[in-house]
Amino acid sequence: MASDSPLYIGFDLSTQQLKGLVVNSDLKVVHAAKFDFDADSKGFPIKKGVLNNEAEHEVFAPVALWLQALDGVLETLRKEGLDFRRVKGISGAGQQHGSVYWGQNAESLLRNLDSSKSLEEQLEGAFSHPYSPNWQDSSTQNECDEFDAALGDRKHLAQATGSKAHHRFTGPQILRFTRKHPDVYKKTSRISLVSSFLASLFLGHIAPFDISDVCGMNLWNIKKGAYDEGLIQLCSGAFGVEDLKQKLGEVPEDGGLHLGSVHAYFVERFGFSPDCTVIPATGDNPATILALPLLPSDAMVSLGTSTTFLMSTPSYKPDPATHFFNHPTTPGLYMFMLCYKNGGLAREHVRDAINESLKDTPAQPWANFDKVALQTAPLGQQSPTDPMKMGLFFPRHEIVPNIPKGQWRFTYDANTGNLKETTDGWNSPQDEARAIIESQLLSCRLRSRDLTENPGGGLPSQPRRVYLVGGGSKNKAIAKIAGEILGGVEGVYSLDVGDNACALGAAYKAVWGIERQPGQTFEDLIGQRWNEAEFIEKIADGYQKGIFEQYGQAVEGFEKMELQVLQQVAEKGDGDDY
Ligand SMILES: Nc1ncnc2c1ncn2[C@@H]1O[C@H](COP(=O)(O)OP(=O)(O)O)[C@@H](O)[C@H]1O
Ligand SMILES: O=C(CO)[C@@H](O)[C@H](O)COP(=O)(O)O
């Protein structure tokens with residue numbers, strides 16, 4: 001490629017880090033930079049990127065931390081030799097649901113950014129509230145109950161907005177904010193999502209919400225393509241409805257819209273070209289499905305801090321147990337998602353317990369976990385007549401299903417249907433390496449089985465391919481077990497960019513936004529330039545006759561087990577009944 005050919009940046013503002021990935025028009029990565037919040041930030045007493053107020057089940061992140069991170073990532077890209085003049089488009093991905101509360105002076109501070117100062121130095125005062133509620137927050141049970149009731153019940157809420165009420169969704173979070181901080185809410189001029197916050201910094205004024213990420217608020221009626229009036233009314237609490245609408249702003253439909261040119265601050269400080277254009281940033285999960293030309297018969301599992309299961313689909317089949325969002329680029333398609341709070345951090349607990357029990361912390365901290373997981377028989381069954389071992393491992397209050405933190409171990413006899421809560425026969429923590437991977441993936445199989453297609457050839461319904469992305473996609477033991485449980489006619493694949501998939505999807509969104517022909521879809525443009533042999537790698541077999549069916553039986557036991565635990569926690573007055 002010519003040395004002055006165009007480049008595009010995708011940012012990923014996630015729970016634990018900010019990443020920036022630069023690609024060219026051929027979709028190849030040419031630069032990558034990362035700012036790890038715990039390791040690289042200064043002055044914030046955070047752990048794993050967040051702060052906790054356990055008494056109120058609050059989890060939140062300092063907004064100034066993200067400013068420091070953006071200063072840091074841009075500096076690293078400069079040091080890496082990125083020629084910012086070549087960057088024609090910027091887009092991004094933000095952890096979903098988090099909200100940023102701007103003060104009265106926000107627009108003026110953004111407009112007058114001074115290129116001799118860092119963003120952190122001059123924007124710290126732009127917020128009415130210094131923190132952004134994080135997706136791991138579970139402080140909004142009362143507000144969720146009100147949202148679920150607002151349209152009749154949770155089924156109707158899911159029908160309208162794509163999801164039942166969830167603690168982390170921005171509508172319930174805003175409603176709680178109006179109650180906990182009424183004076184601050186009054187002084188708030190605008191509310192951004194993490195994605196639109198990121199775009200706002202580059203634009204130098206407050207950017208609108210993205211058409212996909214807006215679906216993570218419990219406020220947007222997906223079929224009507226508009227805010228739901230009743231839900232906005234509820235969310236505004238004791239304050240005005242029109243005032244809330246103004247705080248939220250308009251939502252343009254086109255995910256490739258040219259929002260405007262990058263602010264002069266970036267031109268002067270980093271040497272961006274004045275015609276570099278900002279394209280709407282989306283949520284981190286919607287961005288992840290843009291990291292490749294995903295077919296409706298494919299599934300993606302993102303093994304990050306959270307575990308998410310993602311599909312792109314033309315069917316809108318909302319259900320209180322799952323999520324539907326608008327597709328970030330393509331009208332008529334939707335994104336199906338399952339989101340588990342107990343993803344990477346829960347697996348790390350088991351990993352650490354195993355290392356501790358073996359009194360061995362290897363240089364590759366996952367080595368023992370992987371070895372033990374692969375040595376353990378599927379479902380801990382030494383012989384087909386043994387009962388299956390299965391459990392739930394939730395160091396944090398889980399979302400899917402809504403169960404407080406705790407651990408439960410069961411055995412299940414698939415022949416008799418007998419399910420028993422017991423630790424008999426369990427060798428902990430060793431048995432838990434395989435059991436925690438199985439537990440997370442059986443839940444995905446259970447909840448996605450109505451969306452998978454029959455591939456023909458006498459094979460059972462399953463995805464065509466399973467793509468693993470996120471930090472955990474490096475793990476070959478997880479990949480092997482994913483193929484055994486989820487299947488995949490063509491196998492299990494990982495992306496060459498591994499844990500940078502969502503930044504990559506954001507960068508591809510910028511390429512599409514700038515280079516598309518009139519009417520050209522994202523899938524068409526990316527599909528034409530996609531180099532399969534170079535960009536993805538098959539890392540495990542998918543469907544294997546016998547074991548897939550064995551896990552099919554386990555899914556039945558798993559469903560029963562969840563229902564039993566849900567009933568137990570409901571009797572104790574914890575969690576809820578879904
Ligand atoms: N080899 C590995 N095996 C399993 N999990 C891993 C491995 N390497 C990293 N991880 C997990 O990846 C997670 C971070 O993933 P990443 O996608 O970068 O995070 P985020 O969700 O913040 O974007 C960590 O929580 C860690 O547990
Ligand atoms: O809440 C959700 C999705 O609904 C999470 O998936 C967040 O979007 C954060 O993700 P990671 O930081 O783990 O990537």
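Contact, in these legends, means heavy atoms within 4.5 Å. The model is predicted: local features need pLDDT of at least 70 and side-chain atom pairs pLDDT 80 or more, while totals for chains, interfaces and linings use all residues. Residues are numbered from 1 along each chain as its sequence is written, chains are lettered from A and ligands numbered from 1 in the order written, and side-chain values use heavy atoms, leaving out hydrogens and water.

**View 1. Helix α2 lies across strands β5 and β8.**
Welcome to the small-scale tour. Helices (H or I, at least four residues) and strands (E, at least two) are DSSP runs numbered from the N terminus. Helix α2 covers residues 63-79 and runs at about 40° to β5; angles run from 0 to 180 degrees between N-to-C directions of axes fitted to C-alpha atoms, for helices over the stretch in contact. The strands beneath this legend's title belong to an open sheet of 3 strands, ordered β4-β5-β8 and antiparallel in pairing. Its edges are β4 (51-53) and β8 (131-133), each of which pairs on one side only. On average, neighbouring strands here are turned by 35° against each other, direction ignored. Two strands pair if DSSP finds at least two bridges between them; β5 (residues 58-62) and β8 have 3 bridges, in the antiparallel sense. To locate this pairing, look for A61, which stands opposite S132 in β8.

**View 2. A shell of 17 residues surrounds ligand 1.**
A residue joins the shell when one of its heavy atoms lies within 4 Å of the ligand. Q17, T305, E348, G471 and N475 are the closest. Polar contacts (N or O atoms within 3.5 Å; within protein, a donor with an acceptor, and sequence neighbours count only if both atoms are side-chain atoms) are the next thing to look for. Q17 places a polar side-chain atom 3.0 Å from an oxygen atom of ligand 1, and the side chain of K19 has an N or O atom 3.5 Å from a ligand oxygen. From the backbone, a polar atom of G471 is 3.0 Å from an oxygen of ligand 1. On its own, ligand 1 has 590 Å² of accessible area, of which the protein covers 85% (Shrake-Rupley, 1.4 Å probe). Strand β2 (17-24) and helix α14 (344-357) each give at least two residues to the shell.

**View 3. Ligand 2 sits among 14 residues.**
The nearest of them are T15, H97, R168, D284 and S306. Two side chains make polar contacts here: R168 has a polar atom 2.9 Å from an oxygen atom of ligand 2, and N285 has one 3.0 Å from a ligand oxygen. T305 takes part through its backbone, with an N or O atom 3.4 Å from an oxygen of ligand 2. Taken alone, this ligand exposes 380 Å², and the protein buries 94% of that. At least two shell residues come from each of α13 (284-288) and β18 (334-340).

**View 4. Helix α17 packs on a mixed sheet of 7 strands.**
The sheet is open, with the order β17-β18-β16-β15-β22-β23-β24. β17 (323-326) and β24 (536-540) are its edge strands, and each pairs on one side only. The average turn between neighbouring strands of this sheet is 30°, direction ignored. Helix α17, residues 476-486, touches β15 (299-303), β16 (307-313), β22 (465-469), β23 and β24, and its direction makes about 75° with that of β24. At one edge, β23 (residues 491-495) runs antiparallel to β24, joined by 4 bridges. A handy landmark is Y493, whose bridge partner in β24 is K538.

**View 5. Strands β20 and β21 form a hairpin.**
These strands (residues 406-413 and 418-421) pair in the antiparallel sense over 4 bridges. T411 has K420 in β21 as its bridge partner. Between the strands lie 4 residues, and G417 in the turn has a positive phi of about 75°.

**View 6. Three loops carry backbone details for you to check.**
In the loop between β19 (388-394) and β20 you will find P401, which is joined to V400 by a cis peptide bond with omega about -5°. A cis peptide bond also joins S428 and P429, with omega about 0°; P429 is in the loop between β21 and α16 (430-448). Finally, L27 has a phi near 75°, a positive value in a residue other than glycine, and L27 is found in the loop between β2 and β3 (29-36).
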